[in-house]
Amino acid sequence: MAAIELQGVVKTFGPIRAVDGLDLDVAEGICLGLLGPNGAGKSTTMRLLTGQAIADSGSLRVLGYELPRESKEARARMGVVPQLDNLDIDVTVEENLKVFARLYRVGDIEAAVDRALALARLADRRHDAVDELSGGMRRRLLVARGLVHSPRLVLLDEPTVGLDPQIRAEIWTLIEALRAEGTTILMSTHYIEEAERLADEVALMASGRVIARGRPNDLIAEHAGRRTAEYYAPPERRAEVRAAAEDAGLPVRSAGPAVVIVGCERAPDGLVPDEAITRPSSLEDVFVVLTGEELE
Amino acid sequence: MRRIEPAAVLGVMSREVANFRTFWRSTTFSSLMEPMIYLLAFGLGLGTTLVTQVDGVDYVEFVGTGMVATAVVFSSALPAMFGTFVKHRFQRTYDAILAAPVDVEELVSGEMLWIGLRAGIFGTFPLLVTMAFGLDPAPAMVLVPFFCFVTALAFAGFGIAVAGSVAKIDQFNYVTTLVITPMFLLAGTFFPIEGLPEWAQVLSQFNPLHQLVVLVRSASFGFDAYDPVRLAALVVLAFAMWRLAIDRLRRRLID
Ligand SMILES: Nc1ncnc2c1ncn2[C@@H]1O[C@H](COP(=O)(O)OP(=O)(O)O)[C@@H](O)[C@H]1O
Ligand SMILES: [Mg+2]
């Protein structure tokens, strides 16, 4: 049984088709990265999975439960880490966790809180109010709160958006620990690095649907080859190179003062100028090749 | 109607308790000081110069018993309106709660019960203060917290429904000016409504705060035959407001 099975899911807000025929399976035990730009429909997908949005059509199953009818059973077994901090800031770290342990009907609340505190490395701050914590601690607490009931499935909506690099690294460590335990994770992000580092598989999402899906390296190999060249030059010279690459059938785009040739190892000899910088192709290149849009 | 799980309702209330523990001192202080200030100003000021007795009761005791309703409305309708709006819009608390196995029914029930219990206790403060000003304790006064609780449930439900309906927080001004303030002034707290024009008297019968004022005075000075009807009406209103609050908040919280 897959942890998440979505078929033909549509969710509109008036004229906006936020989710537009979404098919998505997430097998148990994997970390799936839902990678897409702002407005792709990632958060709406997350809200559909927690019953906070009701689909117009399509079928949704989470941990074997049919949504929206059995949403409460599914929610009891799933943890959610929101994109924006919604901790109770005047209340202590420990109380924040206790309240959610109760909401999730945890049997041994003390043990669950201790475990979550250890996970977030906040045991020594348990009696402090949340607004006395640093940004990184707050973020770790937010993640730990979503795990207080040891869920089988965790939804992370852009877990590190807007965080500084050090805090981001801390959160990544937490997510990696979770993966190592075998928890199923659905993580939305618009950071390539986050998806490449944490996800077993990536689903590229654009305009409310999945446009490609697979392991990061497979996706890159299939759509963007091995290497990508970036050529910085005056506009006329760039235009020439671009035309040549297009003639050769290679995906090519402009990026500021550079022309970018994706999968440049496939280019005929002499097409890629010697001065061009080449680097390994990335999921960003895949995304641009498939949609013509940038991710970040 | 879906099944309401006590564990979910209690969980929601426990969050409120955890937060309340960080600000109970100031709330308790003002809940005790407010009626004292009113009683000193109105009761002693007005009572010693213009009126001494109303319906055979000392004016201080008349105002003091009436202020139970004031305490109830200001510790139920307003916290429900502002609290719900802030938790939904600014703190996004409800997003977190609804991602847990808690439905909107349970969320609303927990919030209403907590406000009801709190207002049930704070509602008695004016009565206690008035005793210090000479009100004789009566056995039936033990019912006052219950009367306050039921009325507060109705106003909490109303406040949540309003918060689930407005687009911006400043729209609460219309509700306080057009609904809360007239109800508060025409509850019979400061003057008997029998002195008002006929139409205003009829209107007052539909004012739940007036019914609460009458019930509190009955508990203090003796019940009449209509009191069970008044209580039943408040219970029905609380139930209706509970359903309305659930409906309005669900529309707001579930896309
Ligand atoms: N509650 C809502 N009402 C109206 N439009 C919405 C609502 N939620 C999302 N949308 C719209 O749906 C689209 C997808 O949004 P979202 O799921 O938040 O994307 P993402 O999380 O990928 O950035 C956007 O165009 C957004 O403006
Ligand atoms: Mg989003």
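Helices (H or I, at least four residues) and strands (E, at least two) are DSSP runs, numbered from the N terminus. Counted in this way, chain A has 10 helices and 14 strands.

This is a predicted model, in which local features need pLDDT of at least 70 and side-chain atom pairs count only at pLDDT 80 or more, while totals for chains, interfaces and linings use all residues. Residues are numbered from 1 along each chain as its sequence is written, chains are lettered from A and ligands numbered from 1 in the order in which they are written, and side-chain values use heavy atoms, with hydrogens and water left out.

## Chain A as a whole

Taken along the principal axes, the C-alpha atoms of chain A fill a box of roughly 70 × 45 × 35 Å. Chain A has 296 residues, and 56% of them are buried. Here buried means under 20% relative accessible area, exposed means over 50%, and partly exposed lies in between (1.4 Å probe, protein chains only). The area that chain A exposes is about 12300 Å², with 48% of it supplied by carbon and sulfur atoms. Accessible areas come from the Shrake-Rupley method with a 1.4 Å probe; for residues, only the protein chains shown count as cover.

A contact means heavy atoms within 4.5 Å. Among the contacts in chain A with a separation of 6 or more, 68% are between residues 24 or more positions apart.

## Ligand 1

Ligand 1 lies between chains A and B. A residue is near a molecule if one of its heavy atoms lies within 4 Å of it. The residues that surround ligand 1 include A:Phe13, A:Ile16, A:Pro37, A:Lys42 and B:Asp255. By class, this shell has five nonpolar, five polar and two charged residues. Ala, Val, Leu, Ile, Met, Phe, Trp, Tyr, Cys and Pro count as nonpolar, Asp, Glu, Lys and Arg as charged, and the others, Gly among them, as polar.

The table lists polar contacts of oxygen atoms of ligand 1. A polar contact is a pair of N or O atoms within 3.5 Å; within protein, one must be able to donate a hydrogen and the other to accept it, and residues adjacent in sequence count only if both atoms are side-chain atoms.

| Residue | Part holding the N or O atom | Distance to an oxygen atom of ligand 1 |
|---|---|---|
| A:Gly39 | backbone | 2.7 Å |
| A:Ser43 | backbone | 2.8 Å |
| A:Thr44 | side chain | 2.6 Å |

On its own, ligand 1 has 550 Å² of accessible area, and the protein covers 64% of that. Two elements of chain A, β2 (16-27) and α1 (42-49), give two or more residues to the shell. The largest share, three residues, comes from α1(A).

A:Thr44 belongs to helix α1 of chain A. A:Thr44 counts as buried because its relative accessible area is 14%. Apart from neighbours within four places in sequence, A:Thr44 is in contact with A:Lys11, A:Phe13, A:Ala18 and A:Val19. From A:Thr44 to A:Asp157 there are 113 residues in sequence and 10.0 Å in space, C-alpha to C-alpha.

## Between the two chains

The size of an interface is often given as the accessible area lost when the parts come together. Buried area is that loss (1.4 Å probe) for two parts, summed over both. Between chain A and chain B the buried area is about 2400 Å², and carbon and sulfur atoms give 52% of it. A:Gln52, A:Lys72 and A:Leu103 supply 25% of the area that chain A buries against chain B, more than any other three residues. The contact takes 26 residues from chain A and 29 residues from chain B.

## A serine in chain B

B:Ser220 sits in helix α11 (residues 208-221) of chain B. Its relative accessibility is 10%, so B:Ser220 counts as buried. The side chain of B:Ser220 reaches the backbone oxygen of B:Val216 at 2.9 Å. Outside its neighbours within four places in sequence, B:Ser220 is in contact with B:Thr65, B:Leu127, B:Ala138 and B:Met141.

## Backbone details in loops of chain A

A:Leu67 and A:Pro68 are joined by a cis peptide bond, with omega about 0 degrees. A:Pro68 lies in the loop between β5 (65-67) and α2 (71-76) of chain A.

A:Arg121 is not a glycine, yet has a positive phi of about 50 degrees. The loop that holds A:Arg121 runs between α4 (109-119) and α5 (135-146) of chain A. With a relative accessible area of 52%, A:Arg121 is exposed.

A:Ser150, not a glycine either, has a positive phi of about 50 degrees. A:Ser150 is placed in the loop between α5 and β7 (153-157) of chain A. At 43% relative accessibility, A:Ser150 is partly exposed.
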